[in-house]
Amino acid sequence: MSDLPKSVSLREVGPRDGLQNELPVPTDAKVRLLDMLSQTGLKRIEAVSFVHPRAIPQMADADEVWSQAKHVDGIRYSALVPNLKGTERALAAGFRELEIVVSASDTHNRKNINRSTAESLADIEAVAARVHEAGATLEVIISTSFGCPYEGEIPVSRVLDVATHAVRSGADRLAFGDTTGVGTPSRVAALVDGVRSAHPDVPVLMHFHNTRGTALANLLTAMQHGITEFDASVGGLGGCPYAPGASGNVATEEVVHMLEDMGIDTGVDLDALLEVAAYAQEIVGHELPSGVLKAGPRTRTVAA
Ligand code: COA
Ligand code: ZN
């Protein structure tokens, strides 16, 4: 275990991972959401994905959203891609930070990307070469790193093999996704320790979903094991319309609220973020799961 960090780097993924799991919202609302997020102090925002519009209709307007949103200096905006075609689209749109997704589980990768994990991995080298040629960087996000809804357990060794293949193929960074929120602190510790000893020089980000209530515990554990980069989504936006009880990523304001009180700097203005969470709730038209959105910050008092 290492000491807790003095600061962490949060990447907001509500506009992508969040909105892709909601009923489609209008383009102008997506643009406004991005613009509001850009004013909260967040330094990284995953803005859109360039996937097949039939697979994810919610991202069909990615080009419009990105061209209409304000691009604020000093913020690292990124885009998720599934393949070389998405890579070309993201580079053409001007992105210089790309994330390519591959699942540790073969069945999940087939459902998501229509290819086996091995087939997706075989593409990464060409994608990385293309991205680097354009002067951009590539993160490989490994989904179902803690378990798969179709295959169940995914051994840490399998996830580490995928990670090693990604690094050898040119990944600049790695991310591990707990896609369906089945991770627990002991599993997080095992995976993080494994990846840090296998790839001590590669930046690693963790992506937790709060489907089963373990996201903040997982995040704290990852910090204790040396991780300082996390995805989060405003309001806890996300979930899956086809999976009753599913919820989204760990809520950004819950992370900011907890870390700032622990003296760990996030750079984010919690009040501004809560306004964005309220707006996110309005545009998706249903209550979002964030506890801090419902109850307010711990400093809020009510009349006695
Ligand atoms: N964006 C837009 N169109 C794309 C594309 C992309 N990233 N990748 C492929 N296509 C097009 C091809 O050009 C081809 O078009 P054509 O029929 O006009 O020639 C068509 O899609 C089929 O191409 P193919 O490579 O066979 O794709 P596929 O049908 O096997 O679908 C994916 C594969 C990856 C494109 C699709 O499954 C996908 O977009 N998945 C993303 C899922 C996702 O976003 N999940 C959540 C994020 S983790
Ligand atoms: Zn996710």
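**Loop residues, a zinc site and a covered helix**

Asn-114 sits out in the open, with a relative accessible area of 68%, which makes this residue exposed. In this predicted model, Asn-114 belongs to the loop that runs between helix H5 (106–113) and helix H6 (117–133). Its backbone is a bit of an oddity. Most residues other than glycine have a negative phi. Asn-114, though not a glycine, has a positive phi, near 65 degrees.

Thr-144 also has a positive phi without being a glycine, with a value near 50 degrees. This threonine is found in the loop between strand E5 (137–143) and helix H7 (156–168). Is Thr-144 buried or exposed? With a relative accessible area of 0%, Thr-144 is buried.

Zooming out, the protein is built from 12 helices and 8 strands. Its radius of gyration is 18 Å, close to the 19 Å that the globule rule gives for 304 residues, so the protein is as compact as a globular protein of that length. The C-alpha trace spans about 60 × 45 × 40 Å along the principal axes. Of the 304 residues, 56% are buried. Long-range contacts are well represented: taking contacts between residues at least 6 apart in sequence, 73% join residues at least 24 apart. As for the surface, the protein exposes about 12900 Å², and carbon and sulfur atoms supply 51% of that area. There are 26 positive and 39 negative charges, and the mean positions of the two sets lie 3 Å apart.

Next comes the metal. Which residues coordinate the zinc ion (ligand 2)? The donors come from Asp-17 (OD), His-207 (NE2) and His-209 (NE2), at 1.9 to 2.1 Å. Along the chain, these donors follow the spacing D-x189-H-x1-H. Asp-17 lies in helix H1 (residues 14–18), while His-209 is in the loop between strand E7 (204–208) and helix H9 (215–224), so this pair ties together parts that are 192 residues apart in sequence. Asp-17 and His-209 are both buried.

Helix H10 (residues 252–261) is another well-hidden element, being mostly covered, with 7 of its 10 residues buried. The buried set consists of Thr-252, Glu-253, Glu-254, Val-255, Val-256, His-257 and Leu-259, so charged side chains feature here alongside aliphatic ones. What do the buried residues of H10 pack against? Their partners are two strands, E1 (9–12) and E8 (229–232), together with helices H9, H11 (270–284) and H12 (291–295). After H10 comes Gly-263, with a positive phi near 80 degrees.

Helix H9 brings the story round to Pro-185, a residue of helix H8 (residues 185–198). Pro-185 counts as partly exposed, at 29% relative accessibility. Setting aside neighbours within four places in sequence, Pro-185 is in contact with Ala-217, Asn-218 and Thr-221. His-52, by contrast, is a long way off: Pro-185 and His-52 are separated by 133 residues in sequence, and their C-alpha atoms are 35 Å apart in space.

Conventions
Residues numbered from 1 in each chain as written. Chains lettered and ligands numbered in written order. Predicted model: local features only at pLDDT ≥ 70, side-chain atom pairs only at ≥ 80, totals over all residues. Heavy atoms only, no water. Helix = DSSP H or I, 4+ residues; strand = E, 2+ residues; numbered from the N terminus. Rg over C-alpha atoms; globule rule 2.2 N^0.38 Å. Buried < 20%, exposed > 50% of the residue type's maximum accessible area, 1.4 Å probe, protein only. Contact = heavy atoms within 4.5 Å. Areas by Shrake-Rupley, 256 points an atom, 1.4 Å probe, with all protein chains shown as cover. Charge placed at Lys NZ, Arg CZ, Asp CG, Glu CD. Donors = N, O, S within 2.8 Å, 3.2 Å for Na, K, Ca; no water.
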